[in-house]
Amino acid sequence: MAATLERQNPYSEAVVTGLWREIPVFRMLLGTCPILAVTAAVKPALTMGLCVIFVLVCSNIMVSLMRKGLRPHVRILLFTLTIATFVTIADLFLRAYQPRMSEVLGPYVPLIIVNCVIIWRAEARASNSGVLLSIVDGLAMGLGFTIALCVLATIREILGTGKLFEIQILPTAFPAWAAMGMPVGAFLTFGFVLGFINYLKKKPA
Amino acid sequence: MLDNLKRFVRESWLLVAASLVCGVLLAATNAAVGPRIELNKAAKLTNLAVGLLPEAKTFAPLDPVEIQGLDGKTEKAVVFKAVADDKVVGWVFKVVGSGFADKIELVAAVDASFQKIAGYDVMTSSETVNFGDQIKEAYYRNQFVGAPTERFNLVGTGTAKPELIDSTIVAISGATISSAAVVQAMNYYVPQFKEQLEKKGLIGNGSNP
């Protein structure tokens, strides 16, 4: 089925790959540093996800445009230059229009530069595909990354505070699990969600 | 020689071109959003200043004064005059210390006569959460509130009482570098700002604020 899809339509293949088959965090285990650091609440997770989508799409476009002139010894240098540029642009916009969120995310926005997902897509997709396919790939992968962040953040925020988007979800009698807001909560949630994803993967259709 | 040059151009023209494009993109973005970022910083400074001198109604920036930065270079710095009912209630300025991870920018406030510290708050800091980050907490900050604008001494936990308001500051356990950065910033900048305001005749004998 997957092979047929790949032959027939590379765009839908890119969407399926980004959103499920190779979803960066849950299937490829890439980009796990920010998912542990910014998923204590949904708002910062969503903001981080949007920044990653912006950087992925823009760097994919630029790498795709340069693909015919890429030389092996400057390849990684060009990818890093491109990614660093768009991460800096995202960071500047965040500091200008969302200063509080910029403070909450702290160094994790500049650290998108070293997010493996972005350089992976530059190498695996954008450096050997057309601009349109690279855009679709960037959007799908970015969306997959954002969904993963939001799933973890939703679980952690609800169990850690009883709230979601600062709206009370659980009964006030529920004792908030403070550990969910700490790194231990991030590791536990990530482990359980990965286990669930593996269960779904192995389950016969 | 010419062959080498041709080879260099052939191999690296894309890198040079991409660097130019990226440079232009960054410069354009910075030009577009830079003023807004500065406005945000100014708004944050004012918000923090309100917390330090709640009685103040306005914070009027004075003409920039020349002070020496941590690197020894002369730099221009702005002092804000905190005013309430046409009366000066304090002075606010930015001080910088070398923290564990990066520079720590603090907003410091002193009383109208520049005799006592009204407090400080953290403007930017990348200190380790739950360790150096505790310079933002009341335990540490309150040691400066009401202390004389003299040279501060940093001592270890257990050697002095943090609740005593004097020039002895008790460090945060496990965050000596961050604690020292705050003391260093105060010791380095406060006397300089005091001297500049005295020169301008805004504090001290015969002052006319």
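This passage walks through the two chains of a predicted model, and then through three helix pairs in chain A.

To start with confidence, the model comes with an ipTM of 0.85 and a pTM of 0.79. For chain B, the pLDDT averages 90, and 98% of the residues reach a score of at least 70.

What is each chain built from? Chain A has 9 helices and 2 strands. Walking along its sequence, the order is α-α-α-α-α-α-α-α-β-β-α, so to speak a run of helices, then the strands, then a helix to finish. Chain B is put together from 3 helices and 9 strands. From its N terminus, the elements of chain B go α-β-β-β-β-β-β-β-α-β-β-α.

Next comes overall shape. The C-alpha atoms of chain A fit in a box of roughly 60 × 50 × 25 Å along the principal axes. A compact globule of 205 residues would be expected to have a radius of gyration near 17 Å, and the 18 Å found for chain A agrees with that. For chain B, the box along the principal axes is roughly 75 × 45 × 30 Å. Here the globule figure for 209 residues is again near 17 Å, but chain B comes out at 22 Å.

Now for the helix pairs of chain A, beginning with helix 2 (residues 10-21) and helix 8 (residues 131-161). The axes of these two come within 7 Å and cross at roughly 20°. Angles under 35 degrees count as roughly parallel, and therefore helix 2 and helix 8 of chain A are described as roughly parallel to each other. The crossing of helix 2 past helix 8 is right-handed. On the helix 2 side, the residues that make the contact are A:Pro10, A:Tyr11, A:Ala14, A:Val15, A:Thr17, A:Gly18 and A:Leu19. Facing them from helix 8 are A:Leu132, A:Leu133, A:Val136, A:Asp137, A:Ala140, A:Met141, A:Leu143, A:Gly144 and A:Ile147. Sorted by class, the contact of helix 2 with helix 8 holds 12 nonpolar, 3 polar and 1 charged residues.

Helix 8 of chain A also pairs up with helix 9 (residues 183-202) of chain A. Their axes come within 10 Å, with a crossing angle of roughly 120°. That angle makes helix 8 and helix 9 of chain A oblique to each other. Helix 8 passes helix 9 in a right-handed crossing. From helix 8, A:Val151, A:Leu152, A:Ile155 and A:Arg156 take part, and they meet A:Gly185, A:Ala186, A:Thr189, A:Phe190 and A:Val193 of helix 9. The contact of helix 8 with helix 9 splits into 6 nonpolar, 2 polar and 1 charged residues.

The last pair in chain A is helix 4 (residues 42-66) with helix 7 (residues 116-124). Here the axes come within 9 Å and cross at roughly 30°. That makes helix 4 of chain A roughly parallel to helix 7 of chain A. Helix 4 passes helix 7 in a right-handed crossing. Which residues meet in this pair? Helix 4 brings A:Val55, A:Leu56, A:Ser59, A:Asn60 and A:Val63, while helix 7 brings A:Val117, A:Ile118, A:Arg121 and A:Ala122. By class, the contact of helix 4 with helix 7 has 6 nonpolar, 2 polar and 1 charged residues.

Terms used: Residues numbered from 1 in each chain as written. Chains lettered and ligands numbered in written order. Predicted model: local features only at pLDDT ≥ 70, side-chain atom pairs only at ≥ 80, totals over all residues. Heavy atoms only, no water. Axes fitted to C-alpha atoms, helices over the stretch in contact; angles between N-to-C directions. Helix = DSSP H or I, 4+ residues; strand = E, 2+ residues; numbered from the N terminus. Parallel < 35°, antiparallel > 145°, perpendicular 65-115°, else oblique. Left-handed = near helix turned anticlockwise from the far one by under 90°. Contact = heavy atoms within 4.5 Å. Nonpolar A, V, L, I, M, F, W, Y, C, P; charged D, E, K, R; others polar. pLDDT = per-residue confidence, 0-100. Rg over C-alpha atoms; globule rule 2.2 N^0.38 Å.
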